[in-house]
Amino acid sequence: MIKIKLPDGNVREYAQGTTGMDIALSISEGLARNVLAAKVNGKVVDASLPINDDCDFQLLTWNDTDGKATFWHSSAHLLAEAIEALHPGTKFGIGPAIETGFYYDIDMGEKTLSADEFKKIEEKMLELARQKNQYQRSEVSKADAIEYFTEKGDEYKLELLEGLEDGSITFYQQGNFTDLCRGPHIPNTGFIKAVKLMSVAGAYWRGDTSRKQMTRVYAVTFPKQKELDEYLTLLEEAKRRDHRKLGKELELFAFSEKVGMGLPLWLPKGTMLRERLENFLRRAQVRAGYSPVITPHIASKELYITSGHYAKYGADSFQPIRTPDEGEEFFLKPMNCPHHCEIYKTKPRSYRDLPLRLAEFGTVYRYEQSGELHGLTRVRGFTQDDAHIFCRPDQVEDEFMKVIDLVLYVFKALGFDNYSAQISLRDPENKEKYIGKDEDWDKAEAAIIKSAAAKGLPTVVELGEAAFYGPKLDFMVRDALGRKWQLGTIQVDYQLPQRFELEYTGSDNQKHRPVMIHRAPFGSLERFVAILIENTAGNFPLWLSPEQLAVLPISEKYEDYANEIFLRLQESDLRGYIDHRDEKIGRKIRDAEVNKLPFMLIVGEKESEQGMVSVRKKGEGDLGMMPIDQFISIMQTEINKNVVRFKE
Ligand SMILES: [Zn+2]
Ligand SMILES: [Zn+2]
């Protein structure tokens, strides 16, 4: 008998050679019907694989990330089977699962695969799925494997085989299709109930531009048609909310080839939005005891040699900027931390001066490959809402609590209610690969865990995910569509204080090394604005809206009255525009709606005679005629509703 430890801690005994599916059946038949694979001592395996030793055991279903990945990878085999049935002689590269769905790289020789054929392939896949063919695993010798693919004429699989050792090679067969694969897979094709081919793209074999370009077929599958329908609806909505599309339509930001790829130009409305965000955080930071600083965009090579960034990023990063002085070299700054270390060093520090919290909206530049650039989320120049806290080791916990407060305040004020965090700790088995004192690490790790728990933050702990220079906590938010985004981070650093030889005089009159904490609640303004656009679909909270209202005169006769009204609004710190165009009022209203204006003030004969405005609110329609003061107070109530108080 062997001992099987289940995720809830229960240990059950089974006969040696029992399979995941046997264990599922012993628990319930309903469960067994949903089992896609199993996890044995952290490794995902076929549910049909015999288990011979005591182990930690988990059953995987569609609700598990690993279960989904196995489902999608198995679907890649099904896609290949369908393509081979329709186009005999097709050669196959690799077919992995990706974040959503899977792809297979194929070579159809002279033929090309177009979207017109997607439907036919989907139908074939469903037809094969209905046969409930098992994914059958077999161990093969290298010689037999080579013979099989030589006969089949698939040079890609033969090349993959070159890198494999005899004795470790497995084939999987479902229906008429056999693939070289180490697995694991779902029990049979019958689990796959809904199929959608998404797109085709070119992909170089093994990512090597000098090799053959294959066709990459992207697809997604689900265990229920309903789930596919929901997924497609979500995709449509995501497309509608794409920040690149809305950013253009709402005139928030732009890119220019002449300026350079990945270098966003913030247009007036986008700048208005960004400045509101910056001011909001700036005010909160002052209340939380931060001192704003400003540092230059470039720094001498020496700074980055000291910080270690030169050795790490030098060659891959931007090229040095040379000056007429022989040997003098500058770099665009990839991060603000080294500059802040130098600020720390401008005078002797005592234990009473700590913590020192230096904050900067610091613009940094990093080289990203052109293919990696994406709207505002992957750029080459961006502004971090950066700060560095220099503190004593005994202050780390308290500082962590304060930073978490600040981050949660930001999330709350901006409507991100669904957040979680990942705590990244050392690998306890390999402590020697981290710098810093063991006892300091223990303290810092305990401090992070304790402060996250004290603040009620939902967290997952990942061992071995810490940077070599310190543990960290990363915040994740889910947006209105349920998509996960990584936002701010808090990171402990033992390395930079050491490299920059930072010191403070302790109460014992001895020199000590401070701990440095890096933190950025937004991450970067660019990325944050992108997420904010997609989360709100461009309907920003009133306090952030670049334009809060539009004054729409019915005709030019009421221009003067419109100007008068607008001046009153500006005096009350409200912002927007007057639509002076010689257009029908219906057109002016429609355009204001397209531009997502929260309020419209329509002024005509009645309004100007009685000194009133007719108000329309986005999403609610007509609010009727009212005196301007009443409108201003409605606006102020609405703005204040969104202002969450930050308490120290
Ligand atoms: Zn496979
Ligand atoms: Zn930093």
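Let's start at a single residue pair: Ile298 sits across from Leu332 of strand E20. Before going on, note that this is a predicted model, in which local features need pLDDT of at least 70, side-chain atom pairs count only at pLDDT 80 or more, and totals for chains, interfaces and linings use all residues. Residues are numbered from 1 along each chain as its sequence is written, chains are lettered from A and ligands numbered from 1 in the order in which they are written, and side-chain values use heavy atoms, with hydrogens and water left out.

Back to that pair. E18 and E20 (residues 329–332) run antiparallel and are joined by three bridges; two strands count as paired if DSSP finds at least two bridges between them. They belong to an open, antiparallel sheet of three strands, ordered E18-E20-E19. Strand E18 (298–300) and strand E19 (321–322) are at the edges with a single partner strand each, so one side of each has no neighbour in the sheet.

Zooming out, the protein has 20 helices and 34 strands. These are DSSP runs numbered from the N terminus: helices are H or I with at least four residues, strands are E with at least two. The C-alpha trace spans about 90 × 75 × 60 Å along its principal axes. Of the 648 residues, 50% count as buried, where buried means under 20% relative accessible area, exposed over 50%, and partly exposed in between (1.4 Å probe, protein chains only).

Now for the metal. The zinc ion (ligand 2) is held by Cys337 (SG), His388 (NE2) and His518 (ND1), at 2.0 to 2.4 Å. Donors here are N, O and S atoms within 2.8 Å of the metal (3.2 Å for Na, K and Ca); water is not among the atoms, so sites may look incomplete. Along the chain the zinc donors are spaced C-x50-H-x129-H. Cys337 in helix H12 (residues 337–344) and His388 in strand E22 (residues 381–391) are 51 residues apart, so this pair links distant parts of the chain. Both Cys337 and His388 are buried, and for Cys337 the relative accessible area is 7%.

The record has something to say here too: an unreviewed UniProt entry places the feature "binding site" at Cys337, His388 and His518. They are spread over 182 residues of sequence, yet cluster in space, with a largest C-alpha distance of 7.8 Å. Cys337, His388 and His518 are also included in the lining of the second largest pocket. As for the annotation, UniProt positions are in the numbering used here, feature names are shortened, and annotations may be inferred rather than shown by experiment.

That second largest pocket has a volume of about 1,300 Å³. Of the 42 residues lining it, Tyr313, Met335, Arg366, Phe382 and Gln384 are the closest to its centre. Some definitions, then: on a 1 Å grid over the protein atoms alone, a cavity is a set of points where a 1.4 Å probe fits but cannot get out, and a pocket is an open set with protein on both sides within 12 Å along at least five of seven lines; lining residues have an atom within 4 Å of a point. Grid points are joined across faces, edges and corners, and a volume is the space filled by probe spheres set on the points. E26 gives the most to this lining, with five residues.

The largest pocket has a volume of about 1,800 Å³. Its lining counts 38 residues, and the closest to the centre are Glu99, Thr100, Tyr231, Leu235 and Arg483. Helix H7 supplies the largest share, seven residues.

There are enclosed spaces as well: the structure holds four cavities of 30 Å³ or more. The largest cavity contains about 120 Å³ of space, and the second largest has a volume of about 80 Å³. The lining of the second largest cavity brings us back to where we began, with Leu332 in it, along with residues including Tyr304, Tyr313 and Phe331. H11 gives the most to this lining, with three residues.

One last stop is a hairpin. E4 and strand E5 (residues 43–45) run antiparallel with three bridges, and Lys39 has Val44 as its bridge partner in E5. Two residues lie between the strands, and Asn41 takes a positive phi near 50°. Strand E4 (residues 37–40) also pairs with strand E7 (residues 55–60), antiparallel over four bridges.
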